[in-house]
Structures are given as structure tokens and as C-alpha cells.
Amino acid sequence: MKTIIEPFRIKSVEPIYFTTLEERKRILENARYNPFRIHADQVLIDLLTDSGTSAMSARQWAGIMMGDESYAGSTSFFHFESSVKDVTGMPIVIPTHQGRAAEKILFTILGGKGKYFLSNTLFDTTRANIEFSGAEGIDLLCEEGKHPSIPAPFKGNMDIEALGQKINELGAANIPMVIMTVTNNSGGGQPVSMQNIREASAVCKAQGIPFFIDACRFAENSYFIKRREPGYAGKTVPHIALEMFSYADGCTMSAKKDAFANIGGFLAMRNLDLALQCRNLLIITEGFTTYGGLAGRDLEAIAIGLKEVMDEHYLEYRIRSIEYLTGKLYDAGVPVMLPAGGHAVYLDAKEFLPHIPVDQYPGQSLVCALYEAGGIRGVEIGSLMFGKYAADGSLLPAALELVRLAIPRRVYTQSHIDYVAEVIIEVFSQREQYRGLVITEETPLLRHFTAALKPA
Ligand code: F0G
């Protein structure tokens, strides 16, 4: 087989910024060992997130110039609406400024004390919006999904048996919605199978519970189904996506992922009563129903990106580039999550830096090591992000200490990815030299964004 190449030419470029090892040591110290505090022009390869960081196509930029900025009834809205309807088959489309705005609206209406939302795995902002409403979020990830180093084709699946049991235990009347996150971001960007979506939907239908999809990475998930699920190899990605959405009563979407947009999102659904309530809240918080917190030009960019992302040459390259990096690291003995997910490579920091105890944040230490060694910025997904304190002040650690390297869409080339692999392998070969970190300042909520640390 020949090399799978980037399926685009580069017409416009922006510089990346080189620093010396000495400079990076100083920058890290000034940033108090928290790369969220580092200025982006001090980062060489930025793998903090795949959200809002995509390179837009020439066609999207042309769409930006065509944006109709009318307050009501802009042509860009109707272009956006028809694109979302084509992709999802949902009859009602509500624009929002990003994914979490769609979540906030939905859970403000459906949430509240005594309510439970069940999911394969809720993303942080989804869970936070559910909990902020007073309700509780419950993850029902399949068994395979809980073992980082054991490969399986659909590690994002929901445990269907557990879903049935939880509904019986809590009562269908107390469950306003079941949410399937595709792909499962918090679980490593692992896909969900069509069969699992179909079965979860059937359980919900039988119990009268609305079934929604968190569709941020719907195209990557559809491509995994095509590649891995029997019966789908001959189907097109748009066809697979439509089938996925056909089992759902609605979806939330962050267009900052699988729509190649720098900002934007939406809610789509079939139920008019719920849509009326959502639109009321939209007008108070986001904006009128035909722009929902977005400029007309953003609506254009999303309308075009939603279609572009389903191109199979693009998806083949996209999934392959994550596999490629994961494979290089695996071959060098670096502990990585397997198999490769759709949008990011996850390093297992507990195994990478076994000499650093969890209360000295091995994930954060690895994030800092990657920045120091090669100017690469990733993010800790471990006890700095999810740790809590016991009554005696000791750390209650997260289940896993991971580092996520999220790959922006269409931004970096294969040589950038080769460089990233080289830096990680170099850090791995010198892993004994890295020390843990202790927190010197933190906020009570979402501390990882702003915490200050120092070497232990
Ligand atoms: N759902 C999932 C699965 C996500 O990954 C995200 C964002 C959201 C919802 C919220 O969307 O950012 O547009 O408000 N994930 C980003 C990330 C932030 O880095 O994984 P948003």
C-alpha cells in the first residue's frame, strides 16, 4: 500500500515559533508548570485540543465572505439549516455559539434535582451542565472501554445491560434523556458501533426516554463504523451518519470539531414542544433563532465544513495520522492507549513515569516534560483535572493518569507528527530524570485550567 498523504495542498501558512531549551525552562517556570498559562506563540506544536483549531478550506473562507449578517432570516442561516438537516435528518435545527451552549439550554429545560442522565461517557462540560442544573450524570461505559491497553474495535460503546438495569433502578420517569457521545472523547476518542447505538435507542424507545447523540465527532465515528463493523464497508459515510442519527431523537453538536469551524454548534431534534422551549431559552441567552450566538459568516463556514468532513479521503488520512503516531510510540515501548482513537493520542503517565506518585501528578509532569523537551503542548487528563480531596486533605486520585495529545484537523503535516514522536520517545528514554509537581494555588472548580504548581 502507498503512503496515505494529506489530501490537501497548502495555500496559506502561519509561522510556528521555535524556542531554545533554556527559554522553555524559563517559560515553564513563569507559567508555574501549567501549560494552559503559556502564550501560544511560545508553543511549537500545539496539541492542547482539536476543538476550534482546524484549518478551514478555501471554500469555507469563501463562505465567510458570503456571510449574511441579517439579524433575522439570514440566507446563511438557511444554508446552515439545510446542511444540518442533510447530515442528520433532523427536522428542527437551533444554532448555538458552541457545544456547551446547546448543552446548557437542553439541561436547563430537562434537568433539575432528582433527575438522572445516562450516557456511555459524558464529556466534562456536558456533565458540568447536568450537575449545574441539580441533576446527576451517570456513565455506563462497556467493560472493554475501561482497559487502556487492551484493543477492541468499539471501546466507546455503552453497556446495554447496565442501561436496562439503571433504568429499572432509577425509574424511567426520572431519566429525562440518555446521551451517546460519539466518539467517546473522555474514553480516548474511541468509537461507538451502529449496533450499540441501535440497541441503546431501542431500550430508550421501549421506556419512553428520549435518546440524544453528542455528535461532536460524528464523521470520525461513522468512518470507524465503515472500517470496523460488519455490513458497513460498502456504505458511504453520509449514509452511515444518517443511519446513526436516525436512531436518535436529537443531538447536540460542537461545530469546533467535525465541522472544521473555529466556533459554533447546534441543537437538532424531532420534537416540536421541546424545540419551542429551547428556542425561548436561546433568545434569552444566545440570540435570535436564526443566528443563536453566531455571525452569519460562522453559519456559512459550518454549513460547508459539515459536508467536507465526510470526505473519505480526508477521514482515511485523519484516522491514519492518529494510528501512525500511536503505532510509532507503541513500537518504541511508550505506554499508549490502544487502539488509536479518532482525534487524539493518549499516553499512560502512570506507566510512563512510574517513579512519580499520583499525588505528585505524573500526567502534569509529563505534559511539562514534553513542552520542555520539544515545545509540544498537551493536556493532563488525570488527578490534576479530576482529583478531589478527602476529609484529611489527602488526594483522592482519578482512575487514570493520562496525557492527551489532540491533533487539530488539517493543521500539521506528517513531518510535524514525526517530530512529536521523536520528542516523546526521547523523553521516554530519559524518564527517570523527571520529577513530580505539587500544587501551590488552585480554584475549587476546574482547577486544571489555572492551577499553579512547582517541582516537588
Ligand atoms: N462534547 C464533547 C464530546 C466534547 O469533546 C466537547 C468539547 C463538548 C461537548 C463541548 O463543546 O467546546 O464547543 O463547548 N471538547 C473540547 C476538547 C473542549 O478539548 O475536547 P464546546
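Me: Where is Thr-183 found?

Reply: Thr-183 is found in the loop between β5 (177-181) and α7 (194-207); helices (H or I, at least four residues) and strands (E, at least two) are DSSP runs, numbered from the N terminus. This is a predicted model, in which local features need pLDDT of at least 70 and side-chain atom pairs count only at pLDDT 80 or more, while totals for chains, interfaces and linings use all residues. Residues are numbered from 1 along each chain as its sequence is written, and side-chain values use heavy atoms, with hydrogens and water left out.

Me: What makes the peptide bond from Val-182 to Thr-183 notable?

Reply: The bond from Val-182 to Thr-183 is cis, and its omega is near -25 degrees. A cis peptide bond also joins Leu-338 and Pro-339, with omega about -10 degrees. Pro-339 lies in the loop between α12 (312-331) and β9 (344-348).

Me: Which residues are closest to the ligand, and how many surround the ligand?

Reply: The ligand is surrounded by 17 residues, the closest being Thr-49, Arg-100, Asp-214, Ser-254 and Lys-257. A residue counts as near a molecule if one of its heavy atoms lies within 4 Å of it. Helix α4 (residues 99-110) gives the largest share of this shell, three residues.

Me: Why is the pair formed by the side chain of Thr-49 and an oxygen atom of the ligand called a polar contact?

Reply: A polar contact is a pair of N or O atoms within 3.5 Å; within protein, one must be able to donate a hydrogen and the other to accept it, and residues adjacent in sequence count only if both atoms are side-chain atoms. The Thr-49 side chain has an N or O atom 2.7 Å from a ligand oxygen, so the pair qualifies. For the side chain of Gln-98 the distance to a ligand oxygen is 2.9 Å, and for a backbone N or O atom of Gly-99 the distance is 2.8 Å.

Me: How much of the ligand does the protein bury?

Reply: Taken alone, the ligand exposes 470 Å², of which the protein buries 93%; accessible areas come from the Shrake-Rupley method with a 1.4 Å probe.

Me: Why is the protein called as compact as a globular protein of its length?

Reply: The protein has 16 helices and 16 strands. Its radius of gyration, taken over C-alpha atoms, is 22 Å, close to the 23 Å that the globule rule gives for 456 residues, so the protein is as compact as a globular protein of that length. The rule is 2.2 Å times the number of residues to the power 0.38.
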